[in-house]
Amino acid sequence: MIKHFFLSLLFIFSFEANGWWDKGHQMVCDEAYKLLTPEAKKSLDPLIEEHGSFGVACLWPDWVKNDDRKDTRSWHYINLPDSEQNIYKATCPKNGCLIYAFHKQMKVLTNFTESFRDRAEALWFIGHFVGDAHQPMHVGFPEDRGGNDHKVILPDGTEANMHSVWDGEIIEHMDSLYGEEYLLNNVSKKIYEFLNHPQSLEFESWAQESRDIAMQKSVGYRNNELKLITNRYMESHFQTVHERIALGAIRLSQTLNNIYQESN
């Protein structure tokens, strides 16, 4: 009981930066949209029309979490202490966490008696949360708020934190080296590579993968080990970023396709 209370406090005071920044989140949802069945697109198009594309709609949860929807801030992550590595055993606080929020919004989206607006927002949340679940620092430690308090020095000498490195610095380094099409081209290749592989549709398993990546020694997150981010460090994790975005897109599309296959 005491342990769960302590973990709940740590969850509540955890905070995350904008997951995968805009580019990664938008890519997860835009690439997922390309994989939707005609039936799913027909059903979902009205729900994303307001934003012009699924990718832009998936940015909305970050726009509102620090403004008129502050109650959703804790929905973007699930943090566990080093002594507990099993996502399936995680306990969310009363104000929720990433896993709680995903399942809550899935219930709204799949309940066709809910209002149009509630179902639209549920879809935007779901797309965003799938992106968050595939970013390793959204499944980090509560004591450093998912890497936000794990301070590092970037190659140019400026200060940053581990969360922001995985959210956007790695992607920005790709862009600076190879141009802005490099990420999309490599994500597309990974989607083609993984598309016909069996995929778990359990949200918890996706988050567990991210947790396992975050704990790898090469990441340098555990025990606040890494202090200096080098170009070599970022380049060594390009493939991981490509794979996580690609898997997020595939799994999001399969989740949505299943909804509209069942509803028909």
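## Helix α6, end to end

The expected span of a helix is 1.5 Å times one less than its number of residues. Keep that in mind for α6 in this predicted model: the helix covers residues 98-109, which makes 12 residues. From its first C-alpha to its last, α6 reaches 16 Å, close to the 16 Å expected at 1.5 Å a residue.

Which residues of α6 are buried? They are L98, I99, A101, F102, Q105, M106, V108 and L109.

## Where α7 meets α10

Two packed helices are described by the angle between their axes and the distance between the axes. For α7 (residues 116-133) and α10 (residues 203-214), the angle is about 35° and the axes sit 8 Å apart.

On the α7 side, the contact uses F129, V130 and A133. Facing them from α10 are F203, W206, A207 and S210. Sort the residues of this contact by type and you get six nonpolar, one polar and no charged.

## Salt bridges across the sequence

Searching the whole structure turns up 14 salt bridges. One of them pairs D175 with K23, at 2.8 Å from N to O. D175 belongs to helix α8 (residues 162-178) and K23 to helix α2 (residues 21-34), so this pair ties together parts that are 152 residues apart in sequence. As for exposure, D175 counts as buried at 18% relative accessibility, because the cut-off for buried is under 20%. K23, at 24%, counts as partly exposed.

R222 and D82 also meet through their side chains in a salt bridge, again with 2.8 Å from N to O. Here the partners come from loops: R222 lies between α10 and α11 (231-236), and D82 between α5 (60-64) and α6, so the bridge ties together parts that are 140 residues apart in sequence. R222 is partly exposed, with a relative accessible area of 32%, and D82 counts as partly exposed too, at 30%.

## A bridge inside α2, and a network

What about a bridge within a helix? An α-helix has 3.6 residues a turn, so residues three or four places apart point the same way. E31 and K34 are both in helix α2, three residues apart, or about one turn of the helix. They form a salt bridge whose closest N and O atoms are 2.8 Å apart. The two ends sit in contrasting surroundings: E31 counts as buried at 7% relative accessibility, while K34 counts as exposed at 53%.

There's also a group to look at: E50, R69, D71, R117 and E121 are linked in a network of salt bridges.

## The disulfides

A disulfide is a covalent bond between the sulfur atoms of two cysteines. How many disulfides does the count give? It comes to two, and with bonded cysteines counted along the chain, they follow the pattern 1-2, 3-4.

C29 and C58 make up one disulfide, with sulfur atoms 2.0 Å apart. The torsion about the S-S bond of C29 and C58 is about -100°, so this disulfide is left-handed. It links distant parts of the chain, with C29 in helix α2 and C58 in the loop between α4 (54-57) and α5, 29 residues apart. Both C29 and C58 are buried.

Another disulfide joins C92 to C97, with an S to S distance of 1.7 Å. C92 is partly exposed, with a relative accessible area of 26%, whereas C97 counts as buried at 1% relative accessibility.

How values were computed. Residues are numbered from 1 along each chain as its sequence is written. This is a predicted model: local features need pLDDT of at least 70, side-chain atom pairs count only at pLDDT 80 or more; totals for chains, interfaces and linings use all residues. Side-chain values use heavy atoms; hydrogens and water are left out. Helices (H or I, at least four residues) and strands (E, at least two) are DSSP runs, numbered from the N terminus. Buried means under 20% relative accessible area, exposed over 50%, partly exposed in between (1.4 Å probe, protein chains only). Axes are lines fitted to C-alpha atoms, for helices over the stretch in contact, and angles run from 0 to 180 degrees between N-to-C directions. Contact means heavy atoms within 4.5 Å. Ala, Val, Leu, Ile, Met, Phe, Trp, Tyr, Cys and Pro count as nonpolar, Asp, Glu, Lys and Arg as charged, and the others, Gly among them, as polar. A salt bridge is a side-chain nitrogen of Lys or Arg within 4 Å of a carboxyl oxygen of Asp or Glu. A disulfide is a pair of cysteine sulfur atoms within 2.5 Å.
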